[in-house]
Amino acid sequence: MPLTPPALTYFREVARTGSITEAAAAHLIAPSAISRQIAKLEAEIGVALFERHTRGMTLTEAGHRLLVHVRRNEMETSVLLAEMRGIDTAEPRTITVACTEGFAYRVVPHAMAKLRGTHSTIGFRLDVVGREEATRRVAEGSADIGATYAIGDQSTVRVEYSAVMPVYAVVPPGHPLAERPHVGLAELCGYPLALSAEGASQRELFDAATRIERLDFHTVLECDRAAAVYEFARSGGGVAITSELGARNRPIEGVVHVRLDHPIFEQRRAQIQTMIGRRHDPRIPDFVNALIAELPPAHSPSTASTPRLQRQEPRP
């Protein structure tokens, strides 16, 4: 039962497709009708919602904010209608999760399986994306939950769990660092390194730290797949870097994890994120708590910057 005004429905479709023509085809109406609705909406609000290009349309900052509002209202309406109709957790539901590779290997699938144990009709969609994309999808409402790494404060999402994950050098047994409890950045840079590709948060901080310390390093493998980097280090090809979460995700046979000491890595936090101000389906808090339970015990929710999401009971 759509309760969104037509102008906002068309706005959302143009935002999704980037094209008035495609939006019109999806709704089986003339492109001129959608164009008039968008123009009227912009006139009423008093700001441009789209930037017009020869190849399509992209949202302005005001357009992004309106899209978040529209999606939040639609999701809240869906939950409200379900409550009004007396639909509870027996009703099928798909939870969309956006996460980075480190969370996708173990944490998210395990939490999904646990939730299925208590909510057998529920389904999931899992999108493995970059850290900033995961946060963006949660903020805009195209993902219910984000499991990602973040650098700095997050003002566009609600952070349900946040913890610094220690960083480790990964070496095979017999390596000169293997018997060490920890290693400094300068010493680490004296060895051939296997690193994640540029753009990854861990690599971003590593590059920043080496610039600050004026350190040179020699990369023998650069790859955007953590598993490949890890196995390369296991085979003795070079020293890799991983977080505590990454170390827990990989087999420990044939490798040693040596704590890497540098304060810059404390800027990166593993986070569970949800949309600000959203009226949640009751199963979303259950899944958030299942995710948190999969995270390292040393970084329990009691040490996070915000408490667990509370299950919301239907309003009387």
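Which backbone oxygen lies 2.9 Å from a polar atom of the side chain of Thr210? The views below come from a predicted model.

**View 1. Thr210 and its surroundings in helix H9.** The backbone oxygen of Asp207 is the partner: 2.9 Å separates this oxygen from a polar atom of the Thr210 side chain. Thr210 sits in helix H9, which spans residues 201-213. Its relative accessible area is 4%, so Thr210 counts as buried. Leaving aside residues up to four places away in sequence, Thr210 touches Leu185, Cys189, Leu215 and Phe217.

**View 2. Arg131 and its salt bridge to Glu204.** The closest N and O atoms of this pair are 2.9 Å apart. Arg131 belongs to helix H7 (residues 131-140) and Glu204 to helix H9, so the salt bridge ties together parts that are 73 residues apart in sequence. Arg131 is buried, at 15% relative accessible area. Glu204 is partly exposed, at 37% relative accessibility.

**View 3. Arg131 and its salt bridge to Glu132.** Here the side chains meet at 3.8 Å, N to O. Glu132 is exposed, with a relative accessible area of 57%, whereas Arg131 is buried.

**View 4. The salt bridge of Arg180 and Glu187.** These side chains meet at 2.7 Å, N to O. Arg180 is partly exposed, at 32% relative accessibility. Glu187 is also partly exposed, at 33%.

**View 5. A network of salt bridges.** Shared partners join Arg125, Asp127, Glu133, Arg136, Arg137 and Glu140 into one network. Side chains of opposite charge can pair when their charged atoms come close. The whole structure holds 17 salt bridges.

Key:
Residues are numbered from 1 along each chain as its sequence is written. This is a predicted model: local features need pLDDT of at least 70, side-chain atom pairs count only at pLDDT 80 or more; totals for chains, interfaces and linings use all residues. Side-chain values use heavy atoms; hydrogens and water are left out. Helices (H or I, at least four residues) and strands (E, at least two) are DSSP runs, numbered from the N terminus. Buried means under 20% relative accessible area, exposed over 50%, partly exposed in between (1.4 Å probe, protein chains only). A polar contact is a pair of N or O atoms within 3.5 Å; within protein, one must be able to donate a hydrogen and the other to accept it, and residues adjacent in sequence count only if both atoms are side-chain atoms. Contact means heavy atoms within 4.5 Å. A salt bridge is a side-chain nitrogen of Lys or Arg within 4 Å of a carboxyl oxygen of Asp or Glu.
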